[in-house]
Amino acid sequence: MPSTPDGATRAGAAHASGASGASDVSGVSGVAGASDVSHASGAAIPDGGHAVDWAALQAAAAEVRDRAYAPYSHFPVGAAGLVDDGRVVVGCNVENASYGVALCAECGMVSSLHATGGGRLTAVSCVGDDGKPLMPCGRCRQLLWENGGPTCLLLTPEGVLPMSALLPQAFGPEQLDSAAERADAP
Ligand SMILES: [Zn+2]
């Protein structure tokens, strides 16, 4: 049901963008929003051209976190990403009795990204049970890199940072492209 998470998130984001959402963010993380974006990246508007409402994004992540399936770790996580066309996509972690096959929240978010029309992630917020910014695991940083690239912004405990700072010298599609070019060379 690809339309449901997106629709729910739009509603959640709209709800959270009011005064209470903004105060929640400053109270939870100390991150004020747009000013931190400009501080971290030199631009308040990421690649997609849409200003980042970090309060709404964080609220959307917290909302979907409450739908996480985490009966084993009791560590629910929500992730919300702003797409370059202005959509917000979300995901929650989904655990399994066979622990190793658990899905991180970012996995669901990236699946939702493609299921609802694709595009590029420009800003992402992940939150844990306390609603504070949570860092993606190593595997999920690779997922964010593939779908957002080096300029995708992430709300971290240390403020807004680009993926280039969170996955330095990353392996990505361009490595495969250069390998293919070498193979094609005479
Ligand atoms: Zn992960």
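# Notebook: a predicted model, sheet and helices

**Entry 1, overall make-up.** I began with burial across the chain and noted that buried residues make up 40% of the 186 residues in the protein. I keep in mind throughout that this is a predicted model. I then listed the secondary structure and found eight helices and five strands, which run from the N terminus in the order α-α-α-α-β-β-α-β-α-β-β-α-α. I also looked up how far apart in sequence the contacting residues lie: among contacts between residues at least 6 apart, 64% join residues at least 24 apart.

**Entry 2, the sheet.** I asked myself in which order the strands of the sheet lie. Reading across, I found an open sheet of five strands in the order β2-β1-β3-β4-β5, with mixed pairing. The edges are formed by β2 and β5 (159-162), each of which pairs on one side only. From one strand to the next, the twist averages 20°. I then turned to the helix on this sheet and noted that α4 packs against the sheet with contacts to β1, β2, β3 and β4, and that the direction of α4 makes about 140° with that of β1.

**Entry 3, pairing strand by strand.** I went through the neighbours one at a time, starting at the β2 edge. Strand β2 (residues 88-92) is antiparallel to β1, and the two are paired over five bridges; within this pair I picked out G81, whose bridge partner in β2 is V89. The hairpin of β1 and β2 has four residues between the strands, and in this hairpin I noted G86 with a positive phi near 100°.

On the other side of β1, I counted six bridges to strand β3 (residues 121-127), again in the antiparallel sense, and I found V83 opposite L121 of β3. From β3 the next step is to strand β4 (residues 153-156), where the strands run parallel and are joined by three bridges; V124 stands opposite L154 in β4. The last pair, β4 with β5, is antiparallel with four bridges, and here L155 has V160 of β5 as its bridge partner. I saw that a hairpin through two residues joins β4 to β5.

**Entry 4, burial of β1.** Having placed β1 between β2 and β3 in the strand order, I checked whether its residues are buried or exposed. The strand is mostly covered, since six of its six residues count as buried. I then separated the two faces and found both of them covered, with G78, A80 and L82 buried on one side and A79, G81 and V83 buried on the other.

**Entry 5, the nonpolar core.** I next looked up which residues of the largest nonpolar core touch the most other members. This core holds 41 residues, and the ones with the most contacts to other members are L57, A60, A61, A79, A80 and V90. The elements giving two or more residues to this core are α4, β1, β2, α5, β3, α6 (138-148) and β4. Helix α4 gives the most, with nine residues; I set this beside the earlier note that α4 packs on the sheet.

**Entry 6, helices α5 and α6.** I listed the buried residues of helix α5 (residues 105-115) as A105, E106, G108, M109, V110, S112 and L113. Just after this helix, I noted that G117 takes a positive phi of about 130°. I then examined how α5 lies against α6, and found that their axes come within 10 Å and cross at roughly 20°. This angle is under 35 degrees, so I recorded α5 as roughly parallel to α6. The crossing is left-handed. The residues that meet across this pair are E106, C107, V110 and L113 from α5, and C140, L143, L144 and N147 from α6; E106, V110 and L113 are also among the buried residues of α5 that I had listed.

**Entry 7, F75.** Last, I looked at F75, which I located in the loop between α4 (54-65) and β1 (78-83). I asked why F75 counts as exposed. It has 12 C-beta neighbours inside 10 Å, and therefore F75 is placed in the exposed class, for which the cut-off is 12 or fewer. Leaving aside residues up to four places away in sequence, F75 touches A70, G128 and D129. I also noted the separation of 10.0 Å between the C-alpha atoms of F75 and D130, which are 55 residues apart along the chain.

Key:
Residues are numbered from 1 along each chain as its sequence is written. This is a predicted model: local features need pLDDT of at least 70, side-chain atom pairs count only at pLDDT 80 or more; totals for chains, interfaces and linings use all residues. A residue is buried if 20 or more other C-beta atoms lie within 10 Å of its own, exposed if 12 or fewer, and partly exposed in between; C-beta atoms are placed from the backbone. Two residues are in contact if their C-beta atoms, placed from the backbone, lie within 7 Å. Two strands pair if DSSP finds at least two bridges between them. Axes are lines fitted to C-alpha atoms, for helices over the stretch in contact, and angles run from 0 to 180 degrees between N-to-C directions. A nonpolar core is a set of buried Ala, Val, Leu, Ile, Met, Phe, Trp, Tyr and Cys residues joined through C-beta atoms within 7 Å. Angles under 35 degrees count as roughly parallel, over 145 as roughly antiparallel, 65 to 115 as roughly perpendicular and the rest as oblique. A crossing is left-handed if the near helix is turned anticlockwise from the far one by less than a right angle, and right-handed if clockwise.
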